[in-house]
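Biologist: I would like to learn how to read the helices and sheets in a model like this one. Could we work through it feature by feature?

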Amino acid sequence: MTERTPHPAANRTVLLRGGTVHSPADPFATAMVVEGDSIAWVGSEGAADSFADGVSEVIDLDGALVTPAFTDAHVHTTATGLALTGLDLVGARTLTDALARVRAYAADRPDDRVLLGHGWDAARWPERRAPSRAELDEAAGGRPLYLTRVDVHSAVASTALLEHTPGVSALSGFHPDGPLTGSAHHAVRAAAYATVTAKQRAEAQRAALRHAATLGIGSLHECAGPDISGEDDLTGLLRLAAEEAGPRVFAYWAEAATTAKGLDKVRELGAIGAAGDLFVDGSLGSHTACLHEPYADAPHTGTAHLDAAAVAAHVTVCTEAGIQAGFHAIGDAAVSTVVSGVRAAAERVGLDRVRAARHRVEHAEMLTPETIAAFAELALTASVQPAFDAAWGSDDGMYAQRLGAERARTLNPYAALLRAGVPLAFGSDSPVTPLDPWGTIRAAAFHRTPGHRISVRAGFTAHTRGGWRAIGRDDAGTLVPGAPADYALWRTGELVVQIPDERVSSWSTDPRSGTPGLPELVPDGQLPLCLRTVVAGRTVFARPNE
């Protein structure tokens, strides 16, 4: 890819040509013109000649693919940055390996007040158990240590950190020698993160945003809240995103409201909604997702944080205030609670007003035909993470361990959601699963339950336009005239139209279909390489020597 030196004018006109432009405006487009922060034109190579002399910059795509930049609809930016720069236990294959990594990390970071790590998953270890407190104390050399499970809904902590968390033993979810959940986990997390300085936090946020840009991600939905990160964390992130070149950040604040005044903080913090991880339940991996029937490997049904009345009150005040509401709901009982609550709110303020608000549900993993139909009726957006299925699906995966294989096969029914007309927005829940847009689309196309698979094109839409629609924007996420100039350039192989069936996938490369092609995504195959990411007409990432 080559380019002509741009003119210094701030409001430049850029012509990209000699590649493939993925646009519904022209399925055979090879060129695109950007004026300032908007798409001005897409079309053929021949027509591009008429623009060449009047633009500020010409980029020869050299066969590259141009797509809308991705939107990751569920991210925890600071935690992602800390995972990128801190102790990563995602790759630990055994308990012994995890403890060895803790020892090495502690030795390398003698000045850290608290050792922070993420990603352990005992369900994948042969020992099938979390580290004991004595093991943590030994590995950390007696220092404060906080390690989140891969789903971030539970954690283990050393004695030194617990001693710095007043009253933790009296809180719900405290276990003297096991993973912490609920209020105990939130208290220990707050104590651990209180040691992170403003400078460290900004460095972590910057690392996460820069990493996102290298993956063609042009916008993130930050899911913040009092039980997750904190007000200073959110305002600092929004300030950083506004001051430095990088992906856009749209923030949600997850705090339940019962009156209009209760929403003042949402506005003051700069959030666009009272949504995101407003917990109705927890997670399957931590046995805290709320179920109708008990877990297969535990004699209980999980944890309920909100009931239908609380959901209804929150949705009612948000709808009346013109603010988007949303909830975290994974288990089937939690999803039923959300549906009941939103339906009750619709009876109070009117179904049309609730539908127009585009309230959203994060994760929405355990759905039934009835709750799927309710999502469609109430116009609820399903903000989902296909990489969850890739990580924990299959008949011997974590889902099957927690629920039994039969119930596990019902999880994450993306095809049924699309058939019902439910809007999908794809995300990662990073650092729970990594930022990885093409990998996320592949996970949806090759869902471990074949009946839940969707086409690559549908997945691509959910990860681009779907994220914008989820925040109430219908004018973005596609490369058409008038849309924001948020796009990415990719080096990739053959472009195809890839459609799943009951077996694996089939595809057509017939150009007469008039359907814009996308990279062929196959299990274990090479994913497209991002060459450049542009946000609002401004380059936020350019791969060196390309």
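**Reading sheets and helix packing**

Modeller: Helix α6 (residues 182–193) lies across β10, β11 and β12, running at about 130° to β11. Keep in mind throughout that this is a predicted model.

Biologist: In what order do the strands β9, β10, β11 and β12 form their sheet, and which are the edge strands?

Modeller: Read a sheet by its strand order, then find its edges. Here four strands make an open sheet in the order β9-β10-β11-β12, and the pairing is mixed. The edges are β9 (87–88) and β12 (155–157), each of which pairs on one side only.

Biologist: How many bridges join β10 to β11, and do the two strands run parallel or antiparallel?

Modeller: Strand β10 (residues 115–120) and strand β11 (residues 145–149) run parallel and are joined by five bridges. To find the register, look for a residue and its partner across the pair: W120 stands opposite R149 in β11.

Biologist: What is the strand order in the sheet that contains β20?

Modeller: That open sheet has five strands in the order β3-β7-β20-β24-β25, again with mixed pairing. Its edge strands are β3 (20–21) and β25 (538–542), and each pairs on one side only. Within the sheet, β7 (residues 65–68) pairs with β20 in the antiparallel sense over four bridges. L65 stands opposite W490 in β20.

Biologist: Now helix pairs. At what angle do α10 and α11 pack, and how far apart are their axes?

Modeller: For a helix pair, take the angle and the axis distance, then the handedness, then the residues. Helix α10 (residues 308–321) packs against α11 at an angle of about 45°, with the axes 7 Å apart. The two helices are therefore oblique to each other. The crossing of α10 past α11 is right-handed.

Biologist: Which residues of α10 and α11 meet?

Modeller: From α10 they include V311, V315 and T319, and from α11 they include G341, V342 and A345. By class, the contact of α10 with α11 has ten nonpolar, five polar and two charged residues.

Biologist: Take V342 from that list. Is it buried or exposed?

Modeller: V342 lies in helix α11 (residues 332–349). Its relative accessibility is 1%, so V342 counts as buried, the cut-off being under 20%. Leaving out residues up to four places away in sequence, V342 touches V311, V315, V354, L378 and L380.

Biologist: How do α18 and α19 pack? What are the angle and the axis distance?

Modeller: Helix α18 (residues 437–445) and helix α19 (residues 456–463) pack at about 135°, their axes 9 Å apart. This pair is therefore also oblique. The crossing of α18 and α19 is right-handed. P437, W438, T440, I441 and A445 of α18 make the contact with V456, G459, F460 and H463 of α19. Those residues divide into six nonpolar, three polar and no charged.

Biologist: One residue outside the helices, then. Where is T478, and is it buried or exposed?

Modeller: A loop position has to be checked like any other. T478 sits in the loop between α20 (465–469) and β20 (487–491). With a relative accessible area of 16%, T478 is buried. Residues up to four places away in sequence aside, T478 touches P24, P68, R465 and A483.

Definitions and conventions
Residues are numbered from 1 along each chain as its sequence is written. This is a predicted model: local features need pLDDT of at least 70, side-chain atom pairs count only at pLDDT 80 or more; totals for chains, interfaces and linings use all residues. Side-chain values use heavy atoms; hydrogens and water are left out. Axes are lines fitted to C-alpha atoms, for helices over the stretch in contact, and angles run from 0 to 180 degrees between N-to-C directions. Angles under 35 degrees count as roughly parallel, over 145 as roughly antiparallel, 65 to 115 as roughly perpendicular and the rest as oblique. A crossing is left-handed if the near helix is turned anticlockwise from the far one by less than a right angle, and right-handed if clockwise. Contact means heavy atoms within 4.5 Å. Ala, Val, Leu, Ile, Met, Phe, Trp, Tyr, Cys and Pro count as nonpolar, Asp, Glu, Lys and Arg as charged, and the others, Gly among them, as polar. Buried means under 20% relative accessible area, exposed over 50%, partly exposed in between (1.4 Å probe, protein chains only). Two strands pair if DSSP finds at least two bridges between them.
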